Amino acid sequence: MTYASPSYLGSTAIGLAYGPGALPFIARNPGRTDFVELPYELLNHDPGAASVRDVAPVILHCASMSIASFVRPPETTLDAISQRAVDIGTPWIGEHLAFMSADPVDGSALHEPTTLTYTVCPQLSEEVVDLVCRNLSSLRARFSMPLIVENSPQYFQIPGSTMSIVDFVIEVHRRCDIGMLLDLTHFTISSMNMGFDPKIEILRLPLDRLVEIHISGLDVQAGTAWDDHAGIATDSVFELAELVLKHSRPRAVTFEYNWAPELSDSVLLDQINCVRGMLSHV
Amino acid sequence: MSEQTGPSARQVHAVLAAVLSQPTLLDLWRSSPSTQCLQCGAAADFDVSKIWRFSGLATKVRHNDLRPSLPLTFALLDSAGLSIEFFASYALRAADLRKQGRISKPARIASLAEFLYMWLDHTHAIHSILWDLVRHESSIADLRTLATARTAIAPNGSKTAFSVKSALVRSAGAVRHEMGRNPASIIKTLKEGGDLASLPPEPGVFAYCLAPDGIRTSVMVIDELAAFLMDASDGVRSVLDMAEWLQDSGVPLEVGDLLVPIADLIGRGLLQPVEISLCA
């Protein structure tokens with residue numbers, strides 16, 4: 001499987017997740033970023049968001065395939081993702097290694113599957129690795145571009161789990177021959193919440209499969225680290241980036257500051273320069 | 001890796017999705033962990049408090065579209081370490097609102113601010129600053145919405161003449177808040193990364209309205225008399241009635257003493273005179 005692609009991805013491209021501050025930042029700082037990452041769910045809700053193509057190349061990100069779910073998404077959803085992906089010319093589709101839909105609870109009055117509007121870290125078990133591989137196998141055939149999968153942040157122990165989230169990610173990649181979207185903030189969050197050393201564990205990942213990196217902020221509240229796309233990535237996240245980039249060269253690095261109404265140009269430019277500096281040493 | 005002996009993935013995912021999609025169920029489960037609110041053996045293995053907080057993250061993310069209107073309220077909720085538990089507490093109310101269908105952004109902001117008022121511990125400095133901040137930002141957001149909606153209609157302040165027999169009303173969108181601290185000081189300290197907890201109390205009454213051009217927003221400190229006049233301006237009571245009310249309350253002001261302050265409030269866009277129609 002190749003992740004190649006448009007000329008703008010000839011080297012590692014740096015981009016921004018689509019949010020209220022992204023396009024103004026790009027307008028104020030032309031030439032400093034290479035692409036915009038657009039969530040399928042936003043595009044589905046607001047097709048006009050596709051006009052971002054006029055400003056920058058677009059990479060499609062997605063949560064709706066629910067690849068760690070026992071409930072398959074509606075065919076209409078998969079068709080729509082496929083069509084949007086073609087329309088915007090994305091080189092790949094990044095999808096969460098997580099679930100959004102599940103069966104109704106045994107004995108409950110509800111008989112329809114439950115569908116959330118956000119992704120949840122699945123049980124970390126052989127059963128779910130097998131499930132993900134089956135789901136990916138059937139999903140990949142539907143798309144004309146590759147899928148890559150993104151590690152979830154783990155906030156709490158998932159009952160019935162038999163492996164760590166790192167082993168879970170390793171197993172999925174080992175068995176599914178699929179590209180990796182490594183969210184360094186998710187990885188850091190999982191390490192803080194589950195108590196493992198991120199600098200040791202990250203090097204166990206099959207970094208030869210790395211296609212894209214995500215960087216965002218995190219926030220510690222009530223003794224738990226949480227994803228925070230309104231906050232700025234911490235030094236620990238950049239230390240992981242440096243470590244990873246010594247071992248692998250992704251096609252894209254995406255800054256996910258898409259919850260923030262405004263982006264501080266100086267902070268973001270410093271972070272972009274920091275990553276470009278790391279890449280120049282690879 | 002170890003042998004699987006616990007609940008199946010299918011059960012675990014079902015329980016997680018059920019409680020995350022139904023805040024009532026999660027609250028029930030959280031308040032009575034032993035209650036068999038879920039007919040599933042997997043339920044006992046979950047850390048309910050952590051799932052409840054995770055629902056707070058999910059609820060917070062669902063409110064990202066309000067961040068442009070309340071940027072500093074969100075920032076302070078985050079920096080004070082309150083946002084996760086606040087939004088976990090708010091999840092049920094937010095779900096009820098969603099069930100009502102398409103709720104406008106101003107209505108969602110009002111609901112969030114109202115819940116925040118009930119949730120905060122107003123004896124705590126940061127909490128009381130949050131209450132000041134959310135009222136400041138939501139008032140400005142409401143006025144901006146109003147300004148946008150009013151582009152096609154007459155702006156405020158088109159009528160300024162009044163007499164002692166005139167009744168007054170607040171101009172559209174005009175509100176007043178009793179603040180514990182000056183919002184400008186809060187914002188300055190927050191933006192500079194200063195210590196908000198040490199910001200000294202600076203009580204005052206702040207009024208918010210559209211400027212007479214109907215586009216810009218005005219924020220001003222008003223005195224006790226101006227606050228009274230805003231409260232008393234109900235579209236029925238005349239200036240004479242207001243003076244009588246003050247005198248009955250032991251305030252030694254004559255009707256003539258109210259004319260200049262009222263003219264000032266009208267000029268600043270806070271009040272508008274209305275004609276009293278006398279019915280037979």
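In which sense do strand 3 of chain B and strand 4 of chain B pair, and over how many bridges? In this predicted model, strand 3, which covers residues 204-210 of chain B, and strand 4 of chain B pair in the antiparallel sense over six bridges. One of the contacts between strands can be followed residue by residue, since L210(B) has T217(B), in strand 4 of chain B, as its bridge partner.

These strands belong to an open sheet of three strands in chain B, arranged in the order 2-3-4 with antiparallel pairing. Strand 2 (175-179) and strand 4 (217-222) of chain B stand at the edges with a single partner strand each, so that one side of each is left without a neighbour in the sheet. On average, and with direction ignored, neighbouring strands of this sheet are turned by 25° against each other.

Chain A offers another arrangement of strands. Strands of a sheet pair through backbone hydrogen bonds, either parallel or antiparallel. In chain A, eight strands close into a barrel in the order 1-2-3-4-7-8-9-12, and the pairing there is parallel. From one strand of the barrel to the next, the twist averages 25°. Within chain A, strand 3 (residues 58-62) runs parallel to strand 4 (residues 93-96), and three bridges join the two; H61(A) stands opposite G94(A), which lies in strand 4 of chain A.

The helices of chain B can be read in a similar way. Two packed helices are described by the angle between their axes and the distance between the axes. For helix 4 of chain B and helix 7 of chain B, the axes come within 8 Å and cross at roughly 160°. Because angles over 145 degrees count as roughly antiparallel, helix 4 of chain B is roughly antiparallel to helix 7 of chain B, and the crossing of these two helices is left-handed. Helix 9 (residues 224-232) of chain B and helix 10 (residues 239-248) of chain B, with axes 11 Å apart, pack at an angle of about 125°, which makes helix 9 of chain B oblique to helix 10 of chain B; their crossing is right-handed.

Helix 4 and helix 7 of chain B return in the description of the second largest pocket, which holds about 870 Å³ of space. The pocket is lined by 30 residues, and the closest to its centre are A230(A), E262(A), P71(B), L72(B) and A75(B). At least two lining residues each come from helix 9 (265-280) of chain A and from helix 4 (71-79), helix 7 (125-149) and helix 8 (183-191) of chain B. Helix 4 of chain B gives the most to this lining, with seven residues. By residue class, the lining of the second largest pocket divides into 18 nonpolar, six polar and six charged residues.

How values were computed. Residues are numbered from 1 along each chain as its sequence is written. Chains are lettered from A and ligands numbered from 1 in the order in which they are written. This is a predicted model: local features need pLDDT of at least 70, side-chain atom pairs count only at pLDDT 80 or more; totals for chains, interfaces and linings use all residues. Side-chain values use heavy atoms; hydrogens and water are left out. On a 1 Å grid over the protein atoms alone, a cavity is a set of points where a 1.4 Å probe fits but cannot get out, and a pocket is an open set with protein on both sides within 12 Å along at least five of seven lines; lining residues have an atom within 4 Å of a point. Grid points are joined across faces, edges and corners, and a volume is the space filled by probe spheres set on the points. Helices (H or I, at least four residues) and strands (E, at least two) are DSSP runs, numbered from the N terminus. Ala, Val, Leu, Ile, Met, Phe, Trp, Tyr, Cys and Pro count as nonpolar, Asp, Glu, Lys and Arg as charged, and the others, Gly among them, as polar. Two strands pair if DSSP finds at least two bridges between them. Axes are lines fitted to C-alpha atoms, for helices over the stretch in contact, and angles run from 0 to 180 degrees between N-to-C directions. Angles under 35 degrees count as roughly parallel, over 145 as roughly antiparallel, 65 to 115 as roughly perpendicular and the rest as oblique. A crossing is left-handed if the near helix is turned anticlockwise from the far one by less than a right angle, and right-handed if clockwise.
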